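Colleague: I would like a close look at a single part of this model, the place where two helices pack together. Please go through it residue by residue where you can.

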Amino acid sequence: AVRQVVLGAVRLVRFGALFASAFLLLILPQLIWMAALPRVPSPFARLFLQVVAFGAGLHAERVGERPEPSALLVANHISWTDVLVLGGAIRTGFVARADVRGWPVLGFLAR
């Protein structure tokens, strides 16, 4: 039981470090992209989602063709991991609930 707690803590610290590193490395290019091309989905946001999904141990397999860039994809996701997988798999923008804007860190990322 103690070993599982320690391993869980190590995984959590490793994930936090990966999240923070990816955020710090990609935030400046993301902000520049958003200023220059505000309506075009950012490759930096997608890379961030891919790195965080990898760090969380998520693996996805795409079946079929990717949606066209102008397609509207409607997904009733189950958890926060769905956003990582979908956002990392396709060039997309997300629409979040209005209250997400006020959340620490995630509010900024959602904007």
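Modeller: What follows describes one helix pair, then its surroundings.

This is a predicted model, in which local features need pLDDT of at least 70, side-chain atom pairs count only at pLDDT 80 or more, and totals for chains, interfaces and linings use all residues. Residues are numbered from 1 along each chain as its sequence is written, and side-chain values use heavy atoms, with hydrogens and water left out.

Helices here are DSSP runs (H or I, at least four residues), numbered from the N terminus. Two packed helices are described by the angle between their axes and the distance between the axes. The axes of helix 1 and helix 2 come within 9 Å and cross at roughly 175°. Helix 1 is therefore roughly antiparallel to helix 2, a term for angles over 145 degrees. Axes are lines fitted to C-alpha atoms over the stretch in contact, with angles from 0 to 180 degrees between N-to-C directions.

Contact means heavy atoms within 4.5 Å. Helix 1 contributes Phe15, Leu18, Phe19, Ala22, Phe23, Leu26, Pro29, Gln30 and Trp33, and helix 2 contributes Pro43, Phe44, Ala45, Leu47, Phe48, Val51, Val52 and Gly55. By class, this contact has 15 nonpolar, two polar and no charged residues; Ala, Val, Leu, Ile, Met, Phe, Trp, Tyr, Cys and Pro count as nonpolar, Asp, Glu, Lys and Arg as charged, and the others, Gly among them, as polar.

Glutamine 30, in helix 1, is buried at a relative accessible area of 16%. Buried means under 20%, exposed over 50% and partly exposed in between, with a 1.4 Å probe and protein chains only. Leaving aside neighbours within four places in sequence, glutamine 30 is in contact with Ser42, Phe44 and Ala45.

The largest nonpolar core has eight residues: Phe15, Ala22, Leu26, Phe48, Leu49, Val52, Ala53 and Leu84. Helix 1 (2-36) and helix 2 (43-55) each supply at least two of them, and helix 2 gives the largest share, four residues. Such a core is a set of buried Ala, Val, Leu, Ile, Met, Phe, Trp, Tyr and Cys residues joined through side-chain atoms within 4.5 Å. Phenylalanine 15 touches Val52, Gly55, Ala56 and Trp80, not counting residues up to four places away in sequence.

Helix 3 (residues 80-89) has Thr81, Leu84, Gly87 and Gly88 buried, and its buried residues pack against helix 2.

Proline 41 sits in the loop between helix 1 and helix 2 and is partly exposed, at 29% relative accessibility.

Note on methods. Helix = DSSP H or I, 4+ residues; strand = E, 2+ residues; numbered from the N terminus. Parallel < 35°, antiparallel > 145°, perpendicular 65-115°, else oblique.
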